[in-house]
Amino acid sequence: DIMHLESTKPLLSTFAGDGRKKRQYKITDRRSVEEIYQIVDEQSHLTFDYLLNICVAGLIAAVGLLSDSGVTVVASMLVSPLMGPIVC
């Protein structure tokens, strides 16, 4: 048995008005250079959480290398604090 199939085109009007609007930025919305330096300075200190993440990621990577598991090594990269800005 062969079923008869028909194709249809979606209406463009249903996708055009999805309710999303582009945000209008103003010059006053941007950060100053001093604010950017302050944010970078706050995030560049050596903390216990940072060291703990480094140790856990290193331990996971070592287990992955010893067990010859590429997936575990990649998982250690996801745990590392270097991945935080990319994921968030």
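Buried means under 20% relative accessible area, exposed over 50%, and partly exposed in between, using a 1.4 Å probe and protein chains only. This is a predicted model, in which local features need pLDDT of at least 70 and side-chain atom pairs count only at pLDDT 80 or more, while totals for chains, interfaces and linings use all residues. Residues are numbered from 1 along each chain as its sequence is written, and side-chain values use heavy atoms, with hydrogens and water left out.

**Exercise 1. The overall make-up**

Find how many helices and strands the protein chain has.

Solution. Start with the rule: helices (H or I, at least four residues) and strands (E, at least two) are DSSP runs, numbered from the N terminus. By that rule the protein chain has 5 helices and 0 strands. Reading from the N terminus, the order is α-α-α-α-α. As for burial, 8% of the 88 residues of the protein chain count as buried.

**Exercise 2. The two sides of H3**

Work out which residues of H3 are buried and which are exposed on the other side.

Solution. Begin with the length: H3 has 19 residues and spans 27 Å from first C-alpha to last, close to the expected 27 Å. That expected span is 1.5 Å times one less than the number of residues. Next, pick out the buried residues of H3, which are Ala 57, Ala 61 and Gly 64. These cover an arc of only 60° around the axis, so they sit on the same side of H3. The arc is that of the directions from the helix axis to the C-beta atoms. A general rule helps here: an α-helix has 3.6 residues a turn, so residues three or four places apart point the same way. Now turn to the other side of H3, where Phe 48, Cys 55, Leu 59 and Leu 66 are exposed. Finally, ask what covers the buried residues of H3: the cover includes H4.

**Exercise 3. How H3 meets H4**

Describe how the axes of H3 and H4 cross, and list the residues that meet.

Solution. First take the axes, which are lines fitted to C-alpha atoms, for helices over the stretch in contact, with angles from 0 to 180 degrees between N-to-C directions. Those of H3 (residues 48-66) and H4 (residues 70-79) come within 8 Å and cross at roughly 175°. H3 is therefore roughly antiparallel to H4; the classes are roughly parallel under 35 degrees, roughly antiparallel over 145, roughly perpendicular from 65 to 115, and oblique for the rest.

Then look at the contacts, meaning heavy atoms within 4.5 Å. From H3, Asn 53, Val 56, Ala 57, Ile 60, Ala 61, Gly 64 and Leu 65 meet Thr 72, Val 73, Ser 76 and Val 79 of H4. Sorted by class, this contact has 7 nonpolar, 4 polar and no charged residues. Here Ala, Val, Leu, Ile, Met, Phe, Trp, Tyr, Cys and Pro count as nonpolar, Asp, Glu, Lys and Arg as charged, and the others, Gly among them, as polar.

To finish, zoom in on Val 73 in helix H4. Leaving out residues up to four places away in sequence, Val 73 touches Ala 61, Gly 64 and Leu 65.

**Exercise 4. The loop and the start of H3**

Is Asp 68 buried or exposed?

Solution. Locate Asp 68 in the loop between H3 and H4. Its relative accessibility is 71%, so Asp 68 counts as exposed. Asp 68 also has a positive phi of about 55°, although it is not a glycine.

For comparison, Tyr 50 in helix H3 is partly exposed at 34% relative accessibility. Along the chain Tyr 50 and Ser 80 are 30 residues apart, and their C-alpha atoms are separated by 8.8 Å.
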